[in-house]
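Visitor: Before we look at any part of this model, could you show me how to read its features one at a time, giving the general idea and then the case at hand?

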Amino acid sequence: MGEYDNESGGKRRFSLTECREQERLLPIANVSRIMKKVLPANAKISKEAKETMQECVSEFISIITGEASDKCQKEKRKTINGDDLLWAITSLGFEGYAETLEAYLHKYRENTTIIGRQHCAHAATHLL
């Protein structure tokens, strides 16, 4: 058993099972922040709604990652990449999300390429 400070400032005991459960879930503060971004400023979200969404998105990520991992294992690869996740989303029937992910992946790769070039150029000027 362990303890942590709860939101009202008191102490709450938790078991090893609860600790492991929390390790598999996205942090509730992050989930709540994402939820709040799409709501009007005066909207409120219940604790039950936050926890339900936390479970759902954590499970969604686990399912997609597991599918991508299976693909990588069959191909004798150890590293899951963005294309594997895109494949997993499509193969599991979430085609509606694939286009958005593909656009994000493209933008991410463009930005990392630009940053890599800038870093190399900066390093080269310091060597001269």
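**Reading the model step by step**

Guide: Alanine 49 has a relative accessibility of 30% and therefore counts as partly exposed, and this residue lies in helix α3. The words follow a rule in which buried means under 20% relative accessible area, exposed means over 50%, and partly exposed is what falls in between, with a 1.4 Å probe and protein chains only. This is a predicted model, in which local features need pLDDT of at least 70 and side-chain atom pairs count only at pLDDT 80 or more, while totals for chains, interfaces and linings use all residues. Residues are numbered from 1 along each chain as its sequence is written, and side-chain values use heavy atoms, with hydrogens and water left out.

Visitor: How many helices and strands does the protein chain have, and in what pattern do they follow one another?

Guide: Helices (H or I, at least four residues) and strands (E, at least two) are DSSP runs, numbered from the N terminus. The protein chain here has five helices and two strands, and read along the sequence they give the pattern β-β-α-α-α-α-α. Of its 128 residues, 15% count as buried.

Visitor: What span does α3 reach, and what span is expected for this helix?

Guide: The expected span of a helix is 1.5 Å times one less than its number of residues. With 28 residues, α3 reaches 41 Å from its first C-alpha to its last, which is close to the 40 Å expected.

Visitor: Which residues of α3 are buried?

Guide: An α-helix has 3.6 residues a turn, so residues three or four places apart point the same way. In α3 the buried residues are Gln54, Ser58, Ile64, Ala68, Lys71 and Cys72. Serine 58 counts as buried because its relative accessibility is 3%, and a polar atom of its side chain lies 2.7 Å from the backbone oxygen of glutamine 54. A polar contact is a pair of N or O atoms within 3.5 Å; within protein, one must be able to donate a hydrogen and the other to accept it, and residues adjacent in sequence count only if both atoms are side-chain atoms.

Visitor: How many disulfides are there?

Guide: A disulfide is a pair of cysteine sulfur atoms within 2.5 Å, and by this rule the count comes to zero. As for the surroundings of individual cysteines, cysteine 72 is buried, with a relative accessible area of 2%, whereas cysteine 56 counts as partly exposed at 45%.

Visitor: Which residues line the second largest pocket, and which helix supplies the largest share of that lining?

Guide: On a 1 Å grid over the protein atoms alone, a pocket is an open set of points with protein on both sides within 12 Å along at least five of seven lines, as opposed to a cavity, where a 1.4 Å probe fits but cannot get out; lining residues have an atom within 4 Å of a point. Grid points are joined across faces, edges and corners, and a volume is the space filled by probe spheres set on the points. The second largest pocket holds about 230 Å³ of space, and its lining is made of Leu26, Val31, Ile34, Met35, Met53, Val57, Phe60 and Ile61. Both α2 (28–37) and α3 (47–74) supply at least two residues of this lining, with the largest share, four residues, coming from α3.

Visitor: How do the lining residues divide into nonpolar, polar and charged?

Guide: Ala, Val, Leu, Ile, Met, Phe, Trp, Tyr, Cys and Pro count as nonpolar, Asp, Glu, Lys and Arg as charged, and the others, Gly among them, as polar. The lining of this pocket has eight nonpolar residues, no polar ones and no charged ones.

Visitor: Where does lysine 76 lie, and what is its phi?

Guide: Most residues other than glycine have a negative phi, and most peptide bonds are trans. Lysine 76 lies in the loop between α3 and α4 and has a positive phi of about 55 degrees although it is not a glycine. At 77% relative accessibility, lysine 76 counts as exposed. Just after α4, glycine 93 also takes a positive phi, of about 90 degrees.

Visitor: What is found at the start of α4?

Guide: There a side-chain oxygen of asparagine 81 comes to within 2.9 Å of the backbone nitrogen of aspartate 83. Within α4, Gly82, Asp84, Leu86, Ala88 and Ile89 are buried.
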